[in-house]
Amino acid sequence: MDFLDVLPQYKDYKTAKFVIVPVPHEATTTYGKGAKQGPDAILAASQHLEEFDQELNFETYRQGGVHTFKPHALNQLAGSLDKILAAGKVPVVLGG
């Protein structure tokens, strides 16, 4: 699932300014497990967000685009962040 429910041309990695990196991780939770489901819950909830910003008077995602990576294991994160930053993009990590 992608972050936000936007048109395909605003999800392309090549043109996106922001890159969402889901990292479903749960290591030391002893009570109330489920933190690893956080990224999926955020992505699902983002489908229902209002995309139009009334103060700015436009849909902010159109100013740069938002690409969503497939879920990453924690040990993959550093390498992916290096690549995203080297490409001049802004990473947004959703963790558990």
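Helices (H or I, at least four residues) and strands (E, at least two) are DSSP runs, numbered from the N terminus. The model is predicted, so that local features need pLDDT of at least 70 and side-chain atom pairs count only at pLDDT 80 or more, while totals for chains, interfaces and linings use all residues. Residue numbers start from 1 along each chain as its sequence is written, and side-chain values use heavy atoms, with hydrogens and water left out.

**View A. Backbone at Leu4, in the segment before β1 (18-23).** Although Leu4 is not a glycine, its phi is positive, at about 65°. Leu4 has a relative accessible area of 11% and is buried (under 20% relative accessible area, with exposed over 50% and partly exposed in between; 1.4 Å probe, protein chains only).

**View B. Asn57 in the loop between β2 (52-53) and β3 (58-59).** Asn57, also not a glycine, has a positive phi of about 65°. With a relative accessibility of 56%, Asn57 is exposed.

**View C. The two sides of helix α2 (residues 77-86).** Leu77, Ser80 and Ile84 are the buried residues of α2. These residues lie on the same side of the helix because they cover an arc of only 70° around the axis, the arc being that of the directions from the helix axis to the C-beta atoms. An α-helix has 3.6 residues a turn, so residues three or four places apart point the same way. Exposed on the other side of α2 are Ala78, Asp82, Lys83, Leu85 and Ala86.

**View D. Cover and end of α2.** Elements covering the buried residues of α2 include β1 and β5 (90-95), where contact means heavy atoms within 4.5 Å. Gly88, just after α2, adopts a positive phi of about 80°.
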